[in-house]
Amino acid sequence: MSGGSIPRLVIAAPSSGAGKTTVATGLMAAFAEAGLVVSPHKVGPDYIDPGYHSLATGRPGRNLDAYLCGPDRIAPLFLHGAAGADLALVEGVMGLFDGASGMGELSSTAQVAKLLRAPVVLVVDASSQSRSVAALVHGFASWDPEVRLAGVILNKVGSDRHEELLREAMDSSGVPVLGALRRDGRAGTPSRHLGLVPVAERRAEAVESVGELAARVRAGCDLQALLALAHTVPELPDAAWDPAAELAPADGVASAEKPLIAVAGGAAFTFSYAEHAELLAAAGAEVAPFDPLRDEQLPPGTQGLVIGGGFPEMYAPDLSANAPLRAEVAALAASGAPVSAECAGLLYLSRSLDGKPMCGVLPAESRMTERLTLGYREAVALRDNALAAAGTRVRGHEFHRTVLEPGAGADPAWGLTHPERRLEGFVSGGVHASYLHVHWAAEPSLAGRLVASAAQAALAGSAVR
């Protein structure tokens with residue numbers, strides 16, 4: 001089997017709330033438990049579902065977002081992530097045809113399915129319908145002839161009689177029923193204001209939940225038929241994405257120099273794309289993870305720092321209590337070493353979060369609010385900094401219920417250009433801090449520039465000893 005012919009399925013739904021994550025994660029776990037090497041993927045920018053996918057498969061959960069990365073990179077990123085797998089499963093986002101607001105099919109599950117030439121299995125919430133399910137499926141199957149809707153999994157089925165009525169209705173639709181799952185709240189995954197609770201915050205319970213999902217899927221789905229369907233895919237003509245090949249010759253540093261970039265993780269900082277660490281390593285860095293909830297020191301020799309997104313508001317007292325680490329982060333930033341912070345990282349660098357002292361690197365206060373800020377953004381770097389050259393244009397997304405006051409420094413990190421125009425974030429010395437989540441695979445120069453900045457900081461003596 002060549003890389004381009006990896007068996008694959010897209011798990012979609014008519015709308016959010018139908019049970020995509022339940023079914024997709026259960027399928028991933030069931031196939032992995034059967035001995036297959038399963039590659040997990042998620043359409044869209046979401047960081048949380050891939051954590052459950054990773055737990056189910058033992059491989060990194062990877063995102064496929066055509067808005068953030070461009071349609072041309074979807075197949076290459078997929079092939080990179082799925083290398084060596086026996087089966088790839090792609091969980092969709094929202095409804096099958098829902099994409100970036102006002103931009104047609106861009107970033108929709110349907111677009112990704114077409115780019116991957118993958119059959120779609122539709123998860124339908126059947127809890128309040130019987131014969132109408134056939135009309136719904138017919139509409140989705142005929143809406144876009146380029147989307148191959150090849151099967152249905154009926155979810156939240158109430159009884160044997162209910163399932164019988166649903167299957168009778170589906171017999172005339174031309175779309176086979178590949179599974180039927182009963183209503184069952186025991187294998188649920190808890191949620192909060194930004195979606196599911198990340199795996200890192202409930203590891204033991206998450207393992208149990210994934211196991212229960214796998215058992216439900218095994219009992220209710222035709223795994224052999226699903227696997228056979230996954231094998232009906234054509235060859236993808238694209239070459240796999242290669243982080244080293246993506247970097248320009250001027251990006252990064254010679255391998256002998258290898259500046260150490262510390263990357264925040266743990267329960268408070270769970271939002272990261274797997275390709276970021278791969279790009280940092282390809283640019284010549286040594287990547288060292290650490291947990292700001294547990295580690296009182298940065299990794300020895302740290303010459304650069306990446307603090308991604310997550311839920312620091314849930315851990316503000318514990319992050320604040322780790323005063324030795326907060327002091328080290330502040331000292332590293334003051335030394336001029338590069339520090340890249342997104343969303344949760346931005347809050348961690350502020351003076352305080354909900355009244356709890358943070359690192360004090362930025363002249364701003366942060367707090368929780370009731371208002372959700374969510375959406376895709378386009379932005380431009382307004383001046384040269386440790387992460388981006390002036391004029392660098394990126395696409396990103398915001399996803400938070402916090403506010404920072406002020407929202408931008410004297411030197412903002414970005415000038416947002418769409419869908420609204422405003423200044424956002426902070427640039428100060430080597431610090432680049434912003435609410436904006438950016439996928440570096442779309443702009444690999446960000447990783448290369450950060451590593452080069454760390455190497456320069458090392459030559460200048462800016463490092464944690």
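In the predicted model, Ile153 has Gly179 of strand β7 as its bridge partner, and this pair belongs to the contact between strand β6 (residues 149-157) and β7, two strands that run parallel and are joined by 4 bridges. The path of the chain from β6 to β7 leads through helix α7 (residues 160-170), and the resulting β-α-β crossover is right-handed. Strand β7 itself spans residues 177-182, and because 5 of these 6 residues are buried, the strand is largely enclosed by the rest of the structure.

A further parallel arrangement is found around strand β10 (residues 260-264), where 5 of the 5 residues are buried, so that this strand, too, is largely enclosed by the rest of the structure. The side chains of β10 are divided between two directions, with Leu260, Ala262 and Ala264 pointing one way and Ile261 and Val263 the other, and all of them are buried. Strand β10 pairs in the parallel sense with strand β11 (residues 286-290) over 5 bridges, and within this pairing Ala264 stands opposite Phe290 of β11. The two strands form, together with helix α11 (residues 274-282), a right-handed β-α-β unit. Strand β10 is also joined to strand β12 (residues 302-307), again in the parallel sense, by 4 bridges, and here Ala262 of β10 is placed opposite Leu305 of β12. Ala262 and Ala264, which take part in these two pairings, are among the residues that point one way from β10.

Burial in the helices can be described for α4 and α9. Helix α4 (residues 74-81) is mostly covered, since 8 of its 8 residues are buried; these are Ile74, Ala75, Pro76, Leu77, Phe78, Leu79, His80 and Gly81. In helix α9 (residues 223-230), the buried residues include Leu223, Leu226, Leu227, Leu229 and Ala230. When α9 is viewed down its axis, its buried residues fall within an arc of 160°, and they therefore line one face of the helix. An α-helix has 3.6 residues a turn, so residues three or four places apart point the same way.

His437 is located in strand β22 (residues 437-438) and is buried, with a relative accessible area of 0%. The side chain of His437 makes a polar contact, at 3.2 Å, with the side chain of Glu342. When residues up to four places away in sequence are not counted, the residues that His437 touches are Tyr47, Phe271, Gly309, Glu342, Cys343, Arg395, Gly396 and His397. Glu342 is thus found both in the polar contact and in the list of residues touched by His437.

With regard to the cysteines, the count of disulfides comes to 0. Cys359 is accordingly in no disulfide, and the nearest cysteine sulfur, which belongs to Cys343, is 15 Å away. Cys359 is buried, with a relative accessible area of 8%, and Cys221, at 9% relative accessibility, likewise counts as buried. Cys343 also appears among the residues touched by His437.

Several features of the backbone lie in the loops. A cis peptide bond, with omega of about -5°, joins Glu405 and Pro406, and Pro406 is placed in the loop between β17 (393-405) and β18 (414-418). The peptide bond from His418 to Pro419 is also cis, with omega near 5°, and Pro419 is found in the loop between β18 and β19 (422-424).

Positive phi values in residues other than glycine are found at Ser107, where phi is near 75°, and at Arg117, where phi is about 50°. Ser107 belongs to the loop between β4 (87-91) and α5 (109-116), whereas Arg117 lies in the loop between α5 and β5 (120-125). With respect to accessibility, Ser107 is buried, with a relative accessible area of 2%, whereas Arg117, at 43% relative accessibility, counts as partly exposed.

Note on methods:
Residues are numbered from 1 along each chain as its sequence is written. This is a predicted model: local features need pLDDT of at least 70, side-chain atom pairs count only at pLDDT 80 or more; totals for chains, interfaces and linings use all residues. Side-chain values use heavy atoms; hydrogens and water are left out. Buried means under 20% relative accessible area, exposed over 50%, partly exposed in between (1.4 Å probe, protein chains only). Two strands pair if DSSP finds at least two bridges between them. A crossover is right-handed if, with the strands pointing away from the viewer, the path from the first strand over the helix to the second runs clockwise. The arc is that of the directions from the helix axis to the C-beta atoms. A polar contact is a pair of N or O atoms within 3.5 Å; within protein, one must be able to donate a hydrogen and the other to accept it, and residues adjacent in sequence count only if both atoms are side-chain atoms. Contact means heavy atoms within 4.5 Å. A disulfide is a pair of cysteine sulfur atoms within 2.5 Å.
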